[in-house]
Structure formats: C-alpha cells, structure tokens
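Please open the structure in a viewer and keep the sequence panel visible. The tour below proceeds by selection, one stop at a time.

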Amino acid sequence: MVHEMRRCTVTEFLDYYSPFRPSSASIDNARQILFQEGHLTEVLDGDSSVAHRLANFGSQPSSNPTEAQIYEPLVEVVEACGLADCRHRTGQRRQRQFHYVNCASSSMMSEIDGTSFRVDATVSAGVDLAGVTQRTLSSETAVVAEFKRSKVDGERKVNREQLVGAANHIMNDDPRRMWMYGITIEGEKMAVWYFSRSHSVKSDSFDFSENVDAFISIFLSFLFATEAEMGYDPTVHRVFIGKDIRYVYELGPAQSPVYYLTVKPIYNPRILCITGRKTRVWKAIQVTGTERDQLQPMEEGKYVALKDVWLDEGAMTERDIQEEIFRKLDSVSANDYEWAAPVLKDRVKNAISTKAYRDYFMEIESDRRGAIAKAPLSTSKADANILGSKSAKRKKPGSNFVPGTTQHTTSSTHTGVRLEDEGIPQRAPRDHRPKQQYRVVYKHIGTTLHDLGELPDTFSGVLDVFFALILLFLARWVHRDISTGNILIVKDPKYGRSIGKLSDLEYAKYTEDNKPTEGGLKTGTPFFMPLEIHLGRKPIFDPQLGPRMTSRPADFDRKTFDMFNPQPPPTRKKSTQQPKKSHLPTPQPPTPKFRFQHDLESLWWIITWLLMACVDHEGIERDQLGVTLEERVFTHKSLPSDRPIRFFLEPIASGITHPGLAEVITYLEEIRSELIRIYMLPTVTYKQYCQMYEQVGESLGLLVFEVRQAADVKFRPPKSKSILAAQSQARSSMAMDSADYVPGSSSLSSDGEQDGIASDDGPDEIELSEDDDEEAQTGKRRLRKRVKRDER
C-alpha cells in the first residue's frame, strides 16, 4: 500500500474525487441548521469579520480522555447536516441515502473470515440509526472513519493503517465495490480518503472545527450520494437464497443482459494492497434476473466459472486475446510446422484445419467490460510517507461472520498466491493506470491440475497443455503464467476423455509486440516461475554441467514416435557424467524478456513439483533429499534462494520422488538439459526454437509413458510445509494483489496482480525479509555481494 498512495488538496478532492459537489446554497443551508441547533459558534476572524467554528471542538481534542468522548458530538453534528435541503451544483435535488453511525465499541461484521478490526464510525447505507452506537455490516459501509486524539507520528501512523486495513477488508469482502471512501481525524485535523483498484488518494489535512464549509461539503456529499456514486456496482446484486448470501452478476450486452448467480467461490484470495486486479472466480449458474422469483437456475446442474477482475483500461480481455491467437493460428501455413515429427505434424495440421485448436483453451460463454475507476488527478502527487513502510501484521481468523456467507473458501491452495500477490512493496511510485472491470464466464468449470487426483490423468493434462504451448508458439504468443491453477481439466465428449486446457490469458503477450513496458515489473506464479524471470537477471550457466542428454539407440524412430501415445521407450544409455557443484549465478543485466522457453520451463517446474509433492510416499522410505528439496525448492520468496537456483542449473539427483518413478527422472533431466542448451545460446533462432519443442515433446512423451506404467504409485494432495504456508497466505489478509511483482523488494509475506508486463530493468538492490528462511537469506546475501562486486 505504501507506494500506491497519492495526495491532493481538499478542494481538489471535493472537485474530483467526492461523490458529487454540493451547491453553495446547500452548504449555506446546512451551516444555518448547525448554527440554529447550537453546533456552531461565531468567532471574530483576523480582519474583524465573523466566522464560524464547531462549538464542541473549541478546545484541543487531545485534552480529553478518550477518542469516543472527544468525537461523540460528531453524531449530532453530522445528523444536523443531513437535515439540509441538499442539491447538486447543477441544481438537482438529492435524496438522503446514507447515515453516520458511531460504532467505536463494536466490531465490523463481515462475510469473509479474518475480521477482527473495529472502526470508530461509518457512513452506512440502508439504515437510519441517527448515529446510535451500532455493530455495522461491512456490506452496508460506504465510508470508514478512524479517530485519534493525538497528532504524534506514531498515533497518526496507527490511525491511518487501521483505516486502510478496514477499507481493504471491506473491498475484499464485498464484490460490489468499485471504490470507497474513508475519513481520518488526528487531533483536530481531518482528511478524507478515496480507495480504488486504480489508486488511492488522501486529501491534505485541515482543521475541521474551523474549516466548517469543507466539513459540511464532505458530509453532504456522503449523506446524499447514490450507491453508485459511493462505489457500489449497479450490475452486481446482493441476494439471499434462504439464509445464504449470494451475488447476481449482469453480463453480456447492456441492452439484453444475462444473469449469473454465484454458488460458491473457486478463487478469492485475501490481498494486502487495494490497488490491482483483485481477481475473483465463482462457481455460478445462469438465472433469469435479480428478483427473488427469478433466481431459479435456467438449466439445472449447468454450472459455469465466472471470473471477476480489474484490468488496465483499454487492455485486451481474455476474449480479445483468445480471438487474436485464433486469428494468428488461422494464418499458419504447413511450412510453419514442417519441423515437427510426422505424428505431431498431423496433429497440428488437424487442429488448424478443423479449428480444433480452440479445444485447448477455456471456452468463453459470455463477458462484459464494466466500470472504469478514476485516473489519478493530474495535480495529485505520489507520497509514500502517508502510510510509512512498516509491514502489516497478519491477523488471526476472527468470528465476526455475517450469517449465511458463501464467501469462505476452505480449499485454497498454493496456486491462489501469485508472486504478484506476494505482498512485496513497490520500490518507487509509478503511474497508476485507470482500471476497468471485466467479467468473463467460462462454459466449463474444470478441475485444476493439482486437484485431479490421478497421476496418469494429471500427466495427460500436462501433455495437452504442452500441445497448447506449441499452438501458442505457432501464433507467436507467450502465456507468461503457466501454473497448475491455470491448467484446467475438462471432460470433453468430442475426445472421449478429459482434456487439459489453458486459462487466464490476461498476462499473455504477442512476442513481436514492441510496446513500451514499465520498468522493474514481473509476472508469474512463484512456484513455477522461470528462474531468470524470478531472479530478474540472466544467470551464468556452467558449461561443464550442461546440456547433457541420454542417447537413444539406433532402432529408435523419431518419425513414428507419438508423444501423446508413446510406446515402451527403448533401452537408454545412462550418462556417466557426475553432478558437480555450480556457482551461484552472478546476476547480469539486462533482465531477460519473457520468451517461449520460459513457458516450457514453467511446465518443467510443474512436472517436478507434481513428482515431489503430489505422489503418495506412504510406506515408502523416501530419500531425505527429496523431502528437503520439496520444502525448499518450492517457496514463495521475492527472490529464489540458493536451493532452487542450484536445482535447475545442476543435473537432477535421484531420490527426489517415489522409487516407482525413478525412470521418470531421466526424461525430466533431458527436458532440463534442453532448456539449459537454449538458455546458453547468445540468441535463439526460429529453427532452434523448433528443435527445442521437438526435443522437449519427445522427452515429455516418454516421461508420461513411465508415469502411466507406474500403477502402484498413487496421487496425493500436496501436504508439504510450503504448501500449507501457501494455503495460509491464500486465506490471510497478507496476499497483495497489486499490479506487478518487483524483484529485489522485501516481502511482507506473500500477488499483485500486475498488469502482465515483462521488464527490461533489474533490481537495484536485493533486500532481506524477516519472512525469508535461513537459506533464502543466505542466498540473497550472496547475490547482494555479487551485485555490488559487479557494480564496482
């Protein structure tokens, strides 16, 4: 949050950010009511003219014992403002829809676990409580307020962190929120805040007891605003099915919308930063409308996946990217895949001629672009000092649930925590692009790769996705976020089996797209991020360690080999090369851009993780090396530690997986060696990329054959410490959903949805985090020393 904050003047805030600007006559009317009810006193101004100030705040608030006693008079003051005849500056009369609520002695009730905060006051909708102390619902809270009687830096910092934490929780809690507001009072100084997925801004502080007109303008704007002006999305409706809280989304054309009722969340990460994409994915079903009698399913049992995300304004949507990829594939000629072995060539030819390439991507049923958050005011200034840099603390799960909530997700896995979601503060302020809502409905829900439950089916899905990556290569696109959560297995009657499909294309990029990108920004899921992308620098590869390939016997026929239905592999000639220790790679500029080999490397990391973490070792004496690597190679860190670096750069040791899969390691090593070969090339030609796909496909086909043959090896859900930690991160409020991952920044603990941009700039500095384990800190220290030495 530190680097997403901006500052503006009070007047600028009222003119640009407030829900609406009340007319001068409305302010005069409210001032008159306050004076008549004794809330204002007349004082002589410096030039002997008469001015007004709030009567109950004439003395320094810090002289009173508690915040509750100091600011309790605000209840009657704000209520009096609500009696005014309020009109917009255009003259349009406004109806009051919101009320000021004093709630200093009660906790906020929420639909998402983890709520344990209290706010001092709110401006809430749907109730006329006349300021009576009340336990408020996050769903009804449009403005949160935090008060501190002291103006000292420590108290002021705590006050602001509490406000931002409350706003963040509410925006996570309620999918209807496009933006919301906040108020802080420190002593007699008041400021008003605006929070959105585009950016957040705080007004300059002013003395609310003296600047009465500003005080009145703010509260008139809040009390008489419409729900849409306060940030409630009119196309998302909160409904009840029995006692359960659900949401109905409107999609499709605005003239003839289609409606989808949420059933339960599939993916709803808790995020640290308000700015960003804030992706939600729901299991949903189509209904006929939003009224109670319209909430019956149109087709019983036909569930879909509904994704709700904020994109950069004007960015390509999932449908846009799919259609562009498909358009490119339609223009592919036979010469473009002449390099492929005959069996693969026939498969590609059939996919393109029959448009079966669509089967390898999630089918879109409906979508819609939604509201656009405000762009930052041109005269506002980035100010990282508004909040300071202290890391937020993880909150323990609370019990302040709203009865009937359907948002509590108990099946979060590591794939719910992207590296952008990792809570890494951004090093420097950047231009905040306006964000636009985007909702897309996939025709099928599918099962994520790590939840499939059977090893042969899981690795068949891996083969399907490899073919999807070949199609992307032919279209000249890279995915840039290959992870188990983005590989969905869907039953397809056309093929008589389940098929692996690629989803989440918002990060995908056309490789000949030379549009400028923001510096220092990364995308990817940390478990499966390509090493040099994760490092932010190109490593140095030891020529003595790779590439090395196992040789094929003379009777092995590549022309007839079918990687998708491989026959028993030929006898292999084992390499006698012994693994050697490699030096920790020295970071070297420039930062590598995302290329085709990076998607394949992510797939390699997925295969490695499946072999380590998703194989049942019960009753098997497992090599301690495998246990240690599983826990230390796959971690959520801002930079990879020494262990995953060495794991990829050095030959793979035996004992990392079930003994029944020992032969698999041979082909896993072949894929790694082929990737190393590509990485060691100064530049990579199209022909060399073709050779890479051909070699990786052959090795992958043989690897999958070995998995299918190992009938005694069973799948298990991931249970390692790193996975459990990731599950905690996915449920906690520490995951950040900001726009991009900045390498070299200290990690708070765990995403920032990003705008899918590969960087040309590396980290200026490598920082240690209190959340890093000893090995990660050691690796970072070494990297930092080497960077400094290279700079010298």
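The stops that follow cover helices, loop residues and cavities in a predicted model.

**First stop: helix α8**

Select residues 342–353, which form helix α8. This helix has twelve residues and reaches 16 Å from its first C-alpha to its last, close to the 16 Å expected at 1.5 Å a residue. Next, show the side chains of Leu344, Val348, Ala351 and Ile352, the buried residues of α8. They cover an arc of only 95° around the axis, and therefore lie on the same side of α8. An α-helix has 3.6 residues a turn, so residues three or four places apart point the same way.

Now turn to the other side of α8, where Lys349 and Ser353 are exposed. To see what lies over the buried residues of α8, add residues 318–330 and 455–475; these are α7 and α9, which are among the elements that cover them.

**Second stop: two loop residues**

Continue past the end of α8 to Lys355, in the loop between α8 and β16 (364–372). Its phi is near 60°, a positive value in a residue other than glycine. Most residues other than glycine have a negative phi. Is Lys355 buried or partly exposed? With a relative accessible area of 38%, Lys355 is partly exposed.

Then select Asp504, in the loop between β22 (497–502) and β23 (509–510). Asp504 is not a glycine either, and has a positive phi of about 55°. Asp504 counts as buried because its relative accessibility is 18%, and the cut-off for buried is under 20%.

**Third stop: helix α14**

Select residues 664–680 to display helix α14. Its 17 residues reach 25 Å from the first C-alpha to the last, close to the 24 Å expected at 1.5 Å a residue. How many residues of α14 are buried? The helix is mostly covered, with 15 of its 17 residues buried.

Within α14, pick out Tyr679. Tyr679 is buried, with a relative accessible area of 3%. Add Lys538 to the selection: Tyr679 and Lys538 are 141 residues apart along the chain, and their C-alpha atoms are separated by 8.9 Å.

**Fourth stop: the largest cavity**

Select Ala341, Phe561, Glu694, Gly697 and Glu698 to find the largest cavity; of the ten residues that line this cavity, these are the closest to its centre. The volume of the largest cavity is about 120 Å³. Which helix gives the most to its lining? Display residues 686–709: this is helix α15, which gives the most, with four residues. Coloured by residue type, the lining of the largest cavity divides into five nonpolar, one polar and four charged residues.

**Fifth stop: the second largest cavity**

The second largest cavity has a volume of about 110 Å³. Its lining consists of Pro526, Phe527, Met529, Pro530, Leu531, His534, Glu601, Trp605, Val633, Thr635, Pro640 and Pro644. The elements that give two or more residues to this lining are α10 (531–535) and α11 (596–613). By type, the lining of the second largest cavity comprises nine nonpolar, two polar and one charged residue.

Methods
Residues numbered from 1 in each chain as written. Predicted model: local features only at pLDDT ≥ 70, side-chain atom pairs only at ≥ 80, totals over all residues. Heavy atoms only, no water. Expected span 1.5 Å × (residues − 1). Buried < 20%, exposed > 50% of the residue type's maximum accessible area, 1.4 Å probe, protein only. Arc of directions from axis to C-beta. Contact = heavy atoms within 4.5 Å. 1 Å grid on protein atoms, 1.4 Å probe; cavity = no way out; pocket = protein on both sides within 12 Å on 5 of 7 lines; lining within 4 Å. Points joined across faces, edges and corners; volume = space filled by probe spheres on them. Nonpolar A, V, L, I, M, F, W, Y, C, P; charged D, E, K, R; others polar.
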